[in-house]
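Q: Please take a close look at the buried part of this model. I would like one connected account that I can follow while looking at the picture.

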Amino acid sequence: MTMSRAVRLVLWDVKDTLLRVRRSVGQQYCEEATRAGLTLSPAEVDTAFRRAYRQQSALYPNYGIAQGLGGQAWWARVVRDTFLQCGVRDEVLLDRLAHNLYHGFSRPENWEVFSDSERTLRSCASLGLQLGVVSNFDLRLESILHGYGLLPYFSFLVTSEGAGVAKPNPDIFRKALQKCGLPAASVAHVGDSYINDYLAARSLGIRGFLLDRGGGEGSAQVPSEDRLLSLDELPSRLKQNAD
């Protein structure tokens, strides 16, 4: 069945919309540290990671593209700072941990796809909709999606590292519109962030859907017709809009 529809393309956020980190960052960092002969507390590492991530994001937003860093160098700073806070001082070991973790998180075993993700992508494709990605992610995203067999669903990926601009800046959505060649009125976007996804997309006239798996940020401010409790609700919502 092909829809005679206003919406012809659906853009997708990825992290915490289609997939999430399988275990806590503290646990996964500790596993790598254990392989290197260290014994650390996952809770301590998780706290240190959050502090390092916030600091690097403030100093070098969007993987430090504007300062000449890029994803791998930016994540190396986060990893090194995390373990430095936990008392690791060996420079060679810090570099090895950063290298291994960067490449480790490009593999699908460190991520978990939500149970409704592929089912919904398949349903949208069966309706004749094009699908694309707009995500505040680094260049590893393609290999992660490929590892889970999700990459063929998408006509294109726009990552914040590749685009040089991050949500909620609407320019990242403009780049997606340029790629698909469609007007904003023919495009919908699905994501879990009220500011980065819902409001940013709507600022350009893109139809926004906020995924609200558990009463998240801004959900009370979003009309019920734009709020999804599960991705399974999306195909029927799109069909209703086309009627």
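A: A charge sits over a ring if NZ of Lys or CZ of Arg is within 6 Å of the ring centre and within 35 degrees of the ring normal. Arginine 213 meets this over the face of phenylalanine 114, at 3.9 Å from the ring centre. Arginine 140 does so over tyrosine 102, where the figure is 4.1 Å.

Two notes on the source come next. This is a predicted model, in which local features need pLDDT of at least 70 and side-chain atom pairs count only at pLDDT 80 or more, while totals for chains, interfaces and linings use all residues. Residues are numbered from 1 along each chain as its sequence is written, and side-chain values use heavy atoms, leaving out hydrogens and water.

Now the aromatic rings. Searching the whole structure gives 12 aromatic pairs (ring centres of Phe, Tyr or Trp, the last by its six-membered ring, within 6.5 Å; stacked if the planes are under 30 degrees apart, edge-to-face if over 60, tilted for the rest). Tryptophan 74 and tryptophan 75 make one edge-to-face pair, with 4.9 Å from centre to centre and 90° between the planes. In the pair of phenylalanine 105 and tryptophan 111, the centres are 6.1 Å apart and the planes stand at 80°, so this pair is edge-to-face. Phenylalanine 105 and tryptophan 111 are both buried (under 20% relative accessible area, against over 50% for exposed and partly exposed in between, with a 1.4 Å probe and protein chains only). Tryptophan 74 and tryptophan 75 are buried too. These four residues belong to one aromatic cluster, whose members also include Tyr29, Tyr63 and Phe137.

Tyr29 leads to helix 1. Helix 1 covers residues 25–35, and its buried residues are Val25, Gly26, Gln28, Tyr29, Cys30, Glu32 and Ala33 (helices are DSSP runs of H or I with at least four residues, strands are runs of E with at least two, and both are numbered from the N terminus). The buried residues of helix 1 pack against strand 2 (19–21), helix 2 (42–59), helix 4 and helix 5 (91–104). Just after helix 1, glycine 37 has a positive phi of about 90°.

Helix 4 spans residues 71–85 and holds valine 79. Valine 79 is buried, at a relative accessible area of 2%. Apart from its neighbours within four places in sequence, valine 79 is in contact (heavy atoms within 4.5 Å) with Tyr29, Leu97, Ala98 and Leu101. By contrast in position, the C-alpha atoms of valine 79 and glycine 132 are separated by 30 Å, with their places 53 residues apart along the chain.

Tyr63, another member of the cluster, lies in helix 3. Tyrosine 63 takes a positive phi of about 60° although it is not a glycine, and at 9% relative accessible area it is buried. Asparagine 62 also has a place in helix 3, residues 61–64. Asparagine 62 has a positive phi of about 50°, again without being a glycine, and counts as buried at 19%.

Next comes the sheet. Six strands form an open sheet in the order 5-4-1-6-7-8, with parallel pairing (two strands pair if DSSP finds at least two bridges between them). Its edge strands are strand 5 (156–159) and strand 8 (227–228), each of which pairs on one side only. Strand 4 (residues 130–135) runs parallel to strand 5, and four bridges join them. One of the bridge pairs matches serine 135 with threonine 159 in strand 5.

Strand 6 has five of its five residues buried, so the rest of the structure largely encloses it. Val187, His189 and Gly191 point one way from strand 6, while Ala188 and Val190 point the other. Strand 6 pairs in the parallel sense with strand 1 over four bridges, and valine 10 has alanine 188 as its bridge partner in strand 6. Strand 6 also pairs with strand 7 (residues 207–211), again parallel and over four bridges. There, alanine 188 stands opposite arginine 207 in strand 7.

Last, the cysteines. The structure holds zero disulfides (pairs of cysteine sulfur atoms within 2.5 Å). The sulfur of cysteine 124 has its closest cysteine sulfur, in cysteine 180, 15 Å away, which is too far for a bond. Cysteine 124 is buried, with a relative accessible area of 0%. Cysteine 180 also counts as buried, at 15% relative accessibility.
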